[in-house]
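Biologist: I'm new to this one. Can you put the model up and walk me through a strand and a few odd backbone spots?

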Amino acid sequence: MIGIMKFSDKKSRRGFSKKSLIFSLLFLAGISSYSENFRVRKLIPIEFNEISEKITVESGINDALWVTLPKDLTYISGVEINLKIPEDIITWRDSVAYMLYEGLDPSPSEASQNYHGERLYVATIPGNFSLTLYVPVSNDFSIKDNPYSVKLPVQPAVPGVFLRFMMVMKGVPESLENSILEITAKPVLKNKGALSLTTNPPSSEEKQYSVFIDDSPVQDYKQKILTTGEHHLSIVSDSYRNELRTFRIEQAKTTSLSVNLRGIEPLLKLLCPKDTQVFLDGSPVKVSSDPVTITQGEHSVKFILGDYEIVKTVSAMNGRTYSVNLNVDATITEEN
């Protein structure tokens, strides 16, 4: 079990000796893998049903916090736990320790006070008004170190984070035993999101094609996890036209993208004034905004507008789109 320090003289207050402080830090702080039986006064549950939740609770000394994570950890890399530290604990710095456990028996519940578990980490609460703890639950944990937080160097086994508080100094005022910590917890999200890609072939018979994201081939593209930011999609095929798209991935969200695959047959767009008669290879064609599918090779397009008639020839190749545009213009000149 963790040791209890006792200071009976004036040095036990905020200004106790440097030697005693160094001893306490060496004794209490750091990785401390140790299997033990222990008892808590009360277990305080926090359960995240959504990854964007932030939950605030109150905990006393000798209580324990049990943070239950969502079942889907796709976007969760850890848990952020912020402690608002009351003034009496600040005055008696290093008098209260926090300990991280895993493998609890029985499973944590409000009905249980006695536990057996593996202690992974232990440290004391410093003399600050707040302390932020980051507990990783994934190898993809990218929170950077800073002077105002502690990133725990161990990763407990999910489904949750069990954090216990305990008095580790004797000779402290009775009021300290009744101190209350305000605790706010929230999931730490990975810098990732997902692409949900749907491809729609022009017929019921789907032909082979390859998908590339950021120039890298992708096999399982129906639901692809990607880093946040802008990405580029390419669909390449001998049976369909190549398709290019740019899309953005947002943190912990799914971006849906639907791509209509088009055949490689040449397409012909016809543009002309209203009431123009159009003939393709001698057959009349109804002009619309949609392109006409043609075969590879030469085709003739004839426009008739009143007494005006013009014929154009198109040499079509697979995978190409052509536009034939009839322009009727009027010229104005000034005569002397």
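Modeller: Sure. This is a predicted model. Start with strand β15, residues 210–213, where the side chains alternate. V211 and I213 point to one face and are buried. S210 and F212 point to the other face and are not buried.

Biologist: Why would they alternate?

Modeller: In a regular strand, side chains alternate between the two faces of the sheet.

Biologist: Which strands does β15 pair with?

Modeller: β18, residues 229–236, runs antiparallel to β15, and four bridges join them. There S210 stands opposite V236. β15 also pairs with β16, residues 216–218, again antiparallel, over three bridges. In that pairing F212 faces P217.

Biologist: What links β15 and β16?

Modeller: They form a hairpin with two residues between them. D214 sits in that turn.

Biologist: What's the phi of D214?

Modeller: Near 55°, a positive value in a residue other than glycine. Most residues other than glycine have a negative phi.

Biologist: Is D214 buried or partly exposed?

Modeller: Partly exposed, because its relative accessibility is 34%, between the 20% and 50% cut-offs.

Biologist: Switching topic. Where does A252 lie, and what is its phi?

Modeller: A252 lies in the loop between β19 (243–249) and β20 (254–260). Its phi is near 60°, also positive. A252 is buried, with a relative accessible area of 16%.

Biologist: And which peptide bond is cis?

Modeller: The one from D105 to P106, with omega near 0°. P106 lies in the loop between β7 (96–105) and β8 (114–124). Most peptide bonds are trans.

Technical notes
Residues numbered from 1 in each chain as written. Predicted model: local features only at pLDDT ≥ 70, side-chain atom pairs only at ≥ 80, totals over all residues. Heavy atoms only, no water. Buried < 20%, exposed > 50% of the residue type's maximum accessible area, 1.4 Å probe, protein only. Pairing = 2+ DSSP bridges.
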